[in-house]
Amino acid sequence: MLPPVRCFTCGAPLGHLWDQFKARLEAGESVGKALDELGVKRYCCRRTLYTTATYVEELALYSVYRREREAVIRRHFHGVEGS
Ligand SMILES: [Zn+2]
């Protein structure tokens with residue numbers, strides 16, 4: 001997954017903000033507060049970072065889901081062996 005290097009709309013550079021933005025979200029900060037504190041004021045730039053964060057989150061959720069599903073499958077086969 002490539003973080004946005006520039007705003008999709010106005011072309012402002014955003015790549016240098018991505019790591020901090022992501023770290024703030026992972027620390028439980030809200031998207032709005034993280035963007036405010038990083039000084040991202042233009043709506044188009046906020047939207048670019050927010051859209052990317054949402055996309056990254058979906059990918060992360062998907063990989064969690066996949067790990068859980070694999071664990072269920074492993075438990076299932078383990079249960080069959082054990083009976
Ligand atoms: Zn912009």
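User: The expected span of a helix is 1.5 Å times one less than its number of residues. How far apart are the end C-alpha atoms of helix α1?

Analyst: This is a predicted model, where local features need pLDDT of at least 70, side-chain atom pairs count only at pLDDT 80 or more, and totals for chains, interfaces and linings use all residues. Residues are numbered from 1 along each chain as its sequence is written. Helix α1 holds twelve residues, 15-26, and should span 16 Å. The model agrees, with its end C-alpha atoms at 17 Å.

User: Which pattern does the protein chain follow along the sequence?

Analyst: Helices (H or I, at least four residues) and strands (E, at least two) are DSSP runs, numbered from the N terminus. The protein chain has three helices and zero strands. Its pattern is therefore α-α-α.

User: What is the radius of gyration of the protein chain?

Analyst: The C-alpha trace spans about 60 × 20 × 15 Å along its principal axes. For 83 residues the globule rule (2.2 Å times the number of residues to the power 0.38) gives 12 Å. The protein chain is well over that, so it is more spread out than a compact globule. Taken over C-alpha atoms, its radius of gyration is 18 Å.

User: How many residues of α1 are buried?

Analyst: A residue is buried if 20 or more other C-beta atoms, placed from the backbone, lie within 10 Å of its own, exposed if 12 or fewer, and partly exposed in between. Across the protein chain, buried residues make up 11% of the 83 residues. Helix α1 is hardly covered. Among its twelve residues, the buried count is one.

User: Which helix supplies the largest share of the largest nonpolar core?

Analyst: A nonpolar core joins buried Ala, Val, Leu, Ile, Met, Phe, Trp, Tyr and Cys residues through C-beta atoms within 7 Å. The largest one has eight residues: Leu14, Phe21, Ala34, Leu35, Val40, Cys45, Leu49 and Ala53. Both α2 (31-37) and α3 (43-82) supply at least two of them. The largest share, three residues, comes from α3.

User: Which residues does Ala34 contact, leaving aside neighbours within four places in sequence?

Analyst: Ala34 belongs to the largest nonpolar core. Contact means C-beta atoms, placed from the backbone, within 7 Å. Beyond those neighbours, Ala34 is in contact with Phe21, Arg24, Leu25 and Glu29.

User: Is Gly32 buried or exposed?

Analyst: Gly32 lies in helix α2. Its C-alpha is 12 Å from that of Cys45, 13 residues away in sequence. Because Gly32 has 10 C-beta neighbours inside 10 Å, it counts as exposed.

Note on methods:
Contact = placed C-beta atoms within 7 Å.
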